[in-house]
Amino acid sequence: MNGTNLFKIALRALANNKLRAFLTMLGIIIGIAAVMIIVSVITGANKKSMEYYESMGTNKISVSAQLYSGGDAFEEVYNYCKSIDMVVGVTPTGYVGGTVKYGAKNSQSMEYPPQIYLGSDQYSMCNNFQIDKGRDLSYLDVKKYSAVCVLGAAAAKNFFDAADPIGKDLTIAGANFTVVGVYAQKDFMNQGYSLDNVIVIPYTSQRYLSEYSDLSDITVKVKDSASVNQVIALLNGNFDNWNQTGRGNFWCYSDQSWQDQSNQQALMMSLVLGAIAGISLLVGGIGIMNIMLVTVTERTREIGIRRAIGAERKSIVIQFLIEAGVICGIGGIIGIAIGFFGTAIASKLIVQSVLLPSPVITIFAFLFSVALGVLFGMFPAIKASKLQPVVALRAE
């Protein structure tokens with residue numbers, strides 16, 4: 001009997017016991033759907049997290065430096081970094097409070113007011129911003145204490161709508177600042193405290209503000225990821241004496257550590273939740289084995305007749321393995337369909353973005369469901385093939 005006929009027999013057997021077949025598939029359906037949803041959502045959320053880190057800028061070192069005497073810690077760090085070939089940019093990352101006004105618009109009345117950052121002329125390089133309109137902060141802006149600012153895309157829209165903000169004046173913490181540039185949008189989710197909802201002013205111009213911020217938080221940009229640890233070692237070697245002598249405090253770390261930690265958390269969560277979903281698949285597999293044993297008992301005479309007319313043991317094994325595989329395969333297809341809808345809904349609720357399972361996950365889920373049927377159908381199939389024709393023909 002060829003494979004096509006065996007496949008037809010399997011479908012006929014399912015059609016004759018629709019409800020029992022569906023209940024048998026239920027564990028597979030739930031397990032496959034759960035695994036697809038968990039893996040797809042966690043993978044998608046981790047990808048979004050990595051995109052967020054990348055949008056903030058890569059190959060960065062965060063530095064916290066403070067002199068107890070009140071001296072300018074940033075200038076010391078900046079001057080030392082200029083001597084390191086691997087460093088391509090240094091900027092403060094401190095921010096100040098205060099109200100921002102333009103005409104009738106006031107940041108206090110906004111649900112998400114803009115963040116006001118103090119930056120050097122290298123702020124955009126260190127934080128992965130690109131100029132869309134106008135110009136960036138310049139070295140002369142910093143040296144001459146210029147009262148100018150560059151807006152993020154969201155901040156520009158919130159204050160100026162569709163109008164061109166270049167050359168307009170914003171009142172920031174009581175002082176007037178001229179808009180000289182607008183950064184291109186990079187946070188496309190653009191929800192809540194968006195990366196684009198920022199206003200960057202030269203760090204030296206905070207003398208005009210009614211509110212002040214120290215420059216203890218610093219970002220150092222290096223040329224590539226391979227240089228990050230080397231630069232950290234150089235910074236610690238040069239400034240660790242601040243901590244030892246009581247002159248101040250200094251510490252630094254790579255932003256890569258946060259990305260690695262995020263990856264590890266996502267992997268751990270996937271393993272834990274995947275194991276829980278795997279229990280459902282195990283239960284479903286046991287259900288397949290149970291129903292196939294019942295099927296063998298019900299079709300003992302059929303097996304006896306086939307054996308009596310010359311059917312080989314392997315053909316009996318293949319017949320029941322195909323039936324088990326068909327049951328799990330159909331259950332897998334239904335589970336995949338539910339997994340697609342479930343992933344779309346869950347991802348929208350969790351990461352505010354509609355995600356769908358990848359083709360790799362979909363194909364793997366289907367093949368795994370079929371393999372599960374073959375694995376758990378093996379014992380009943382072998383048992384059926386071992387029935388002696390005489391004994392099988394006596395069965396009622």
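**Close-up views of a sheet, its helices and Asp141**

**View 1. A bridge between strand 1 and strand 12 in the predicted model.** Ser62 has Thr219 as its bridge partner in strand 12. The two strands concerned, strand 1 (residues 60-67) and strand 12 (residues 217-222), are paired in the antiparallel sense, with five bridges between them.

**View 2. The open sheet of four strands.** The strands follow the order 2-12-1-13, and their pairing is antiparallel. Strand 2 (87-92) and strand 13 (248-254) form the edges, each of them pairing on one side only. From one strand to the next, the twist averages 20°.

**View 3. Helix 3 and helix 7 against the sheet.** Helix 3 (residues 73-81) packs on the sheet and touches strand 1, strand 2, strand 12 and strand 13, its direction making about 175° with that of strand 2. Helix 7 (residues 228-245) lies across strand 1, strand 2, strand 12 and strand 13, and runs at about 170° to strand 13.

**View 4. The surroundings of Asp141 in helix 5.** Asp141 belongs to helix 5, which spans residues 139-143. With a relative accessible area of 5%, Asp141 counts as buried, because that value lies under the 20% cut-off. The side chain of Asp141 reaches the backbone nitrogen of Ser138 at 3.0 Å. When neighbours within four places in sequence are left aside, the residues in contact with Asp141 are Arg135, Asp136, Ser146, Val148, Pro202 and Thr204.

Key. Residues numbered from 1 in each chain as written. Predicted model: local features only at pLDDT ≥ 70, side-chain atom pairs only at ≥ 80, totals over all residues. Heavy atoms only, no water. Pairing = 2+ DSSP bridges. Axes fitted to C-alpha atoms, helices over the stretch in contact; angles between N-to-C directions. Contact = heavy atoms within 4.5 Å. Buried < 20%, exposed > 50% of the residue type's maximum accessible area, 1.4 Å probe, protein only. Polar contact = N/O pair within 3.5 Å; in protein donor to acceptor, adjacent residues only side chain to side chain.
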